Amino acid sequence: MGNKNQKKMRSEDWFNPEDEKSAFIHRSWLRNQGYPNDYFEGRPVIGICNTWSELTPCNGHLREFAEFVKRGVLEAGGVPFEFPVTSLGEILMRPTAMLFRNLASMDTEESIRANPLDGVVLLTGCDKTTPSTVMGACSVDLPTIVVPGGPMLNGKYKGERIGSGTFVWQLKDKIKNEGFTKEDQIEAEICSARSAGHCMTMGTASTMACMVESLGLTLPGAAAIPAVDSRKKVMAQLSGRRIVEMVKEDLKLSKILTKEAFENAIKINAAIGGSTNFIIHLLAIAGRIGIKLDLKEFDTLGSKIPLLVNLMPSGKYLMEDFFDAGGLPVVIKEMKDQLHKNVITANGKSLIENNVTAECYNSEVIATLDKPFMEEAGIAVLYGNLCEDGAVIKPSAATPELMTHRGKAVVFETIEDFLSSVDNPDLDIDENSIMVLKGVGPVGYPGMAEVGNMDIPEKLLKKGVKDMVRISDGRMSGTAFGTVVLHVSPESSIGGLLALVQSGDSIVLDVPNRKLHLEVDEAEIQKRKAAWTPPTPPMNRGYTSLYTKTVQQSHLGADLDFLVGKSGDQVSRDAH
Ligand code: FES
Ligand code: MG
């Protein structure tokens with residue numbers, strides 16, 4: 001049935017080979033699910049890679065969504081096969097879902113390559129489910145489209161917007177200072193998760209959805225549609241139709257994911273006040289598809305970009321408001337003069353072509369370039385003796401007065417040390433201190449947990465202190481805020497200078513000059529270095545052991561070193 005001018009589809013190798021015995025094997029067992037003959041006669045075979053799981057509540061609706069994708073695939077003449085991959089739930093998984101991002105990417109990569117697929121639809125939602133599946137798909141490089149599962153409806157608590165995640169970080173203050181009771185807490189729990197979907201702040205999940213849309217991996221406007229909006233189902237169906245065409249056009253990931261596409265994504269992420277986790281995931285995706293991207297470029301391309309979106313944690317609205325205001329297309333249209341035009345997206349058109357007709361319906365939520373919510377919103381990358389390979393800070397979530405600050409370090413050697421001592425009334429700390437947390441990097445935690453936004457000590461909260469400078473080799477939740485220096489590289493657990501900081505040392509943070517410096521003289525540093533021993537690895541077997549032995553540092557994207565790059569879609573040997 002296939003068009004003669006088209007490249008032979010890879011699924012034909014399974015279903016329509018010269019070798020009758022092999023074709024029998026590949027077709028016969030599948031037929032037990034009830035497929036007519038023509039399913040195996042040259043129709044594009046589309047894998048629907050589903051991260052559905054009841055343990056990933058943010059993706060709990062994706063099984064139903066797969067049916068809408070299938071509708072679209074069938075309408076366009078393709079054949080859909082849904083398959084599960086490792087699903088990563090941000091909230092429940094210990095020690096952190098990030099530890100398993102690379103594992104899930106391996107699962108995705110091998111599941112795609114090993115099967116008779118011509119194209120792939122990635123159904124994603126919760127934070128890590130987007131980068132993990134995109135990374136895996138990149139290492140195979142088939143035509144691929146992403147259907148982001150969509151945010152929850154706005155959280156509403158006693159008439160106020162309540163943002164997933166962001167509210168949690170305010171909880172301690174509310175209980176200590178605002179008389180928040182247990183009953184209030186239970187009510188707020190329900191109110192902040194009242195529909196299917198992922199976190200509805202501009203946290204990491206929404207950031208990832210916007211990232212794939214700005215890279216061109218979705219249909220236009222896909223990111224902001226709430227999970228329960230009927231238009232999300234339509235988006236899923238249209239994506240199913242489109243992937244069949246993408247297979248015919250051989251529109252592979254590597255044709256979409258050019259250097260220009262990555263640069264556009266960095267600028268758009270700055271304009272929306274996206275999560276710092278964007279950096280690590282985009283670096284890892286670039287590494288898979290083979291595009292050179294340097295941590296510094298997030299600063300040079302993004303830091304001067306103004307904030308156009310007024311969403312928590314940087315602002316006050318939520319994803320549903322963003323969607324109602326016109327969503328990401330409005331931002332892209334507004335930024336069109338700063339974006340590369342020579343990029344192609346999943347629908348075959350350029351990013352600008354797709355979004356030129358977008359209209360803003362609420363200027364409280366999406367601003368224009370000449371009247372932004374903040375002048376410079378993008379992530380700043382710091383260097384200095386404390387972070388020779390870089391560290392990051394998100395100015396839009398920080399306190400302007402603290403962006404230049406010299407203070408005495410209060411060091412927490414481990415997360416346990418922090419948890420047991422932060423609220424000790426005898427802790428020698430004041431609002432000018434700099435909180436330093438070690439051992440929470442990729443190797444250290446392990447998995448680089450989102451603990452960098454340390455809680456402010458209780459005794460300072462009572463004094464009304466809302467923010468302090470905090471430094472660590474960990475990450476912070478995309479829903480969090482504060483003057484928080486993250487992703488210090490090299491991390492403390494492999495002997496970065498962070499490991500040698502002691503309480504009482506003076507540290508200088510100078511964001512305008514992109515500097516983070518430990519003011520301890522060289523002789524003293526050498527003395528401490530000689531006395532330092534690396535912490536014992538948390539586990540000596542299994543995936544964790546593989547991870548800690550091979551994980552790259554955060555400035556490279558924290559991928560496993562042997563996973564960087566791609567192996568393509570060919571497998572030379574058959575199973576029988
Ligand atoms: Fe899943 Fe926030 S916990 S998106
Ligand atoms: Mg998160």
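# A tour of the predicted chain

Start with the whole chain in view: 79% of its contacts with a separation of 6 or more are between residues 24 or more positions apart. Keep in mind that this is a predicted model.

**The whole chain**

Colour the chain by secondary structure. It comes to 20 helices and 14 strands. The radius of gyration is 24 Å, close to the 25 Å that the globule rule gives for 576 residues, so the chain is as compact as a globular protein of that length. Along the principal axes, the C-alpha atoms fill a box of roughly 75 × 55 × 50 Å. Of the 576 residues, 57% count as buried.

**Two annotated regions**

Select residues 43-354. An unreviewed UniProt entry lists this range as "domain: Dihydroxy-acid/6-phosphogluconate dehydratase N-terminal". The chain here is 47% helix and 9% strand, and the C-alpha atoms at the two ends are 28 Å apart.

Now select residues 364-558. UniProt, again in an unreviewed entry, gives this range as "domain: Dihydroxy-acid/6-phosphogluconate dehydratase C-terminal". Over these residues the chain is 16% helix and 23% strand, with 37 Å between the end C-alpha atoms.

**The nonpolar core**

Show the side chains of Val121, Val147, Ala271, Leu282, Val309, Val331 and Val485. Of the 173 residues in the largest nonpolar core, these touch the most other members. Which helix gives this core its largest share? Select residues 277-289: this is helix α12, and nine residues of the core come from it.

Next, centre the view on Ala271. Neighbours within four places in sequence are left aside here; the contacts of Ala271 are then Ile305, Pro306, Leu307, Leu308, Val309, Val331, Met335 and Ala377.

**A strand pair**

Select residues 380-384, which form strand β7. Is this strand largely enclosed or open? Four of its five residues are buried, so β7 is largely enclosed by the rest of the structure.

Add residues 387-393, strand β8, to the selection. The two strands run antiparallel and are joined by four bridges. One bridge can be found by selecting Ala380, whose partner in β8 is Ile393. Between the two strands, a hairpin connects β7 to β8 through two residues.

**Two cis peptide bonds**

Go to Arg94 and Pro95. The peptide bond from Arg94 to Pro95 is cis, with omega near 0°. Pro95 sits in the loop between β2 (79-84) and α4 (101-114).

Then move to Ser489 and Pro490, which are also joined by a cis peptide bond, with omega about 0°. Pro490 lies in the loop between β12 (484-489) and β13 (506-510).

**Two residues with positive phi**

Select Met448. Its phi is near 55°, a positive value in a residue other than glycine. Met448 is in the loop between β10 (434-437) and α18 (458-462). Is Met448 buried or exposed? A residue is buried if 20 or more other C-beta atoms lie within 10 Å of its own. Met448 has 30 C-beta neighbours inside 10 Å, so it counts as buried.

Last, select Arg514. Phi of Arg514 is near 60°, and this too is a positive value in a residue other than glycine. Arg514 belongs to the loop between β13 and β14 (515-518). How many other C-beta atoms lie within 10 Å of Arg514? There are 17, so Arg514 is partly exposed.

Methods: Residues are numbered from 1 along each chain as its sequence is written. Chains are lettered from A and ligands numbered from 1 in the order in which they are written. This is a predicted model: local features need pLDDT of at least 70, side-chain atom pairs count only at pLDDT 80 or more; totals for chains, interfaces and linings use all residues. UniProt positions are given in the numbering used here, feature names are shortened, and annotations may be inferred rather than shown by experiment. The radius of gyration is taken over C-alpha atoms; the globule rule is 2.2 Å times the number of residues to the power 0.38. A residue is buried if 20 or more other C-beta atoms lie within 10 Å of its own, exposed if 12 or fewer, and partly exposed in between; C-beta atoms are placed from the backbone. Two residues are in contact if their C-beta atoms, placed from the backbone, lie within 7 Å. A nonpolar core is a set of buried Ala, Val, Leu, Ile, Met, Phe, Trp, Tyr and Cys residues joined through C-beta atoms within 7 Å. Two strands pair if DSSP finds at least two bridges between them.
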